[in-house]
Amino acid sequence: MDITEIVSTSFTEFDIGTPVSKVAGAFENQELDVVVVTDGDEYRGVVSRRQLASSSNQPSAKVGSQVQHVPAVERTEDVREVARLMIGSDAKTLPVLDDERVYGVVTADAVLATVRPFLDAATVDEAYSAELISVTPETGIGKALNTLRESGIAHLPAVEDDEVVGMLSLYDVIEFTTRGGSRSQGGSSGNVGGGGKAAGGSHGGFGAREGESDRMLDLPVRNLMSDAVVTIGRDATLDEVVETMFEQEISSLVVTDSETGEPSGIVTKTDVIKALTWEQDNGRQPVQVFGLDLLDGMDYDGVSALIESMTSKYGDMQVIKASIELQEHKEQTRGVPLVLARIRLVTDRGYFTADGEGYGATHALRLAANTVERQLLKGKTYGQSKKHPDAEEEEKLYGWWLGG
């Protein structure tokens with residue numbers, strides 16, 4: 001199954017010399033997630049709405065300095081490979097080339113719409129992230145913004161008394177602070193009401209007076225969060241997840257415990273795509289690595305051996321799947337980049353997850369592995385024990401990929 005039928009030829013393109021301020025304006029005026037950046041006819045990369053919202057840029061800066069180098073694909077690329085590339089590059093939109101020129105784009109939504117008929121073979125329990133990053137309604141907006149940026153997420157649930165009472169969007173925070181700080185006149189910060197953009201609220205009344213920006217960031221999340229929160233149970237199928245996301249025009253759902261109703265995690269479009277990229281390879285250790293090219297001195301077999309060595313020390317534990325994600329930061333020391341390594345293990349004893357950050361991917365990966373080992377030793381899990389999917393379930397979920 002290739003992407004020929006789901007490529008969109010409607011996309012926005014900017015030259016590398018375009019001011020960042022002009023690109024930011026395009027995101028404000030359109031429902032855009034990504035713009036393509038070129039140098040003449042040559043593809044250079046993309047800039048995402050989320051990336052621009054998370055960065056501090058001078059208005060005079062050129063968009064070429066903000067380019068994210070995501071892989072481009074051909075019009076006949078396999079859907080499965082496109083999904084893998086999206087996960088590996090942390091991108092929800094990939095450029096599509098034809099004769100080495102940008103012909104169009106393929107989006108995560110298009111991929112999900114295409115594979116949706118096959119998604120009833122897997123449940124939320126198999127795909128969701130059991131670590132729920134959240135704030136309280138009284139958390140300051142500035143602190144919440146730091147949490148969004150440091151965690152690399154765009155939506156932050158607000159939890160009060162074990163109940164999700166709101167959702168804070170990175171984009172609403174950025175728009176709120178930017179618009180407020182740019183005004184030359186306005187009233188008191190006390191004029192702000194709840195709801196924010198999602199509720200149709202107005203952010204008028206803020207000015208650019210000395211100290212006003214700091215006071216804005218001290219306001220509680222309650223003033224800006226949306227009250228619209230969509231939840232889903234762990235036993236729901238992934239096709240239900242995608243259907244709900246499309247209907248509600250959202251990209252994440254809060255996962256609740258079926259017995260208590262308390263929030264226990266989150267499932268995103270990325271989680272669904274990641275689940276679809278999984279496959280068993282002739283009994284080989286089920287390890288998936290995103291960003292393998294960042295590793296120095298270690299290949300796939302080395303990573304697989306590390307996971308096997310780590311889990312074999314703690315009794316008869318069966319690894320159902322292991323996901324390794326490597327993300328390179330701009331920060332460097334002596335030419336070696338700072339890398340975030342994230343390990344997620346789904347085993348018959350439960351779910352384990354840990355991050356490691358260090359200079360060089362191998363160092364970061366070993367730090368994350370050490371943390372997981374300590375969790376295994378203490379028996380600390382982030383979910384209930386899981387059974388291994390039977391052969392019929394695996395064939396239904398993964399067989400169509402293998403069959404082309």
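**A guided reading of the predicted chain**

Of the contacts in the protein chain with a separation of 6 or more, 58% are between residues 24 or more positions apart, a contact being heavy atoms within 4.5 Å. This is a predicted model, in which local features need pLDDT of at least 70 and side-chain atom pairs count only at pLDDT 80 or more, while totals for chains, interfaces and linings use all residues. Residues are numbered from 1 along each chain as its sequence is written, and side-chain values use heavy atoms, with hydrogens and water left out.

The protein chain contains 13 helices and 15 strands; these are DSSP runs numbered from the N terminus, helices being H or I runs of at least four residues and strands E runs of at least two. Of its 404 residues, 49% count as buried, that is, under 20% relative accessible area, against over 50% for exposed and in between for partly exposed (1.4 Å probe, protein chains only). The chain exposes about 19,600 Å², of which carbon and sulfur atoms supply 43%; the area comes from the Shrake-Rupley method with a 1.4 Å probe.

Pairing of strands comes next. Strands of a sheet pair through backbone hydrogen bonds, either parallel or antiparallel. Two strands are taken as paired if DSSP finds at least two bridges between them. Strand S2 (residues 34–39) is joined to S3 by 6 bridges, and the two run antiparallel. Within this pair, Val36 stands opposite Val46 in S3. The hairpin of S2 and S3 has 2 residues between the strands, and Gly40 takes a positive phi near 70° there. Strand S3 (residues 42–48) is mostly covered, with 5 of its 7 residues buried.

An open sheet of 3 strands follows the order S4-S5-S6, with mixed pairing. Its edge strands, each pairing on one side only, are S4 (73–74) and S6 (101–107). S4 and strand S5 (residues 93–98) run parallel and are joined by 2 bridges; Val73 has Val96 in S5 as its bridge partner.

A further hairpin is formed by S7 and S8, with 2 residues between them, and Asp161 in the turn has a positive phi of about 55°. Strand S7 (residues 155–160) pairs with S8 in the antiparallel sense over 6 bridges, and Ala158 has Gly166 in S8 as its bridge partner. Strand S8 (residues 163–169) has 5 of its 7 residues buried, so it is largely enclosed by the rest of the structure.

Leu148 lies in helix H6 (residues 141–151). With a relative accessibility of 1%, Leu148 counts as buried. Leaving aside residues up to four places away in sequence, Leu148 touches Ile153, Ala154, His155, Leu156, Leu168, Ser169 and Leu170. The C-alpha atoms of Leu148 and Leu168, 20 residues apart along the chain, are separated by 9.3 Å.

The last element considered is helix H11. At its start, a side-chain oxygen of Asp299 reaches to within 3.3 Å of the backbone nitrogen of Asp301. The 13 residues of H11 (residues 300–312) should span 18 Å at 1.5 Å a residue, and the end C-alpha atoms are indeed 18 Å apart; the expected span is 1.5 Å times one less than the number of residues. Val303, Ser304, Leu306, Ile307, Met310 and Thr311 are buried in H11. Seen down the axis of H11, these buried residues fall within an arc of 155°, so they line one face of the helix; the arc is that of the directions from the helix axis to the C-beta atoms. The buried residues of H11 pack against strands S12 (287–290), S13 (319–333) and S14 (336–347), and against helix H12 (361–378).

Terms used: Polar contact = N/O pair within 3.5 Å; in protein donor to acceptor, adjacent residues only side chain to side chain.
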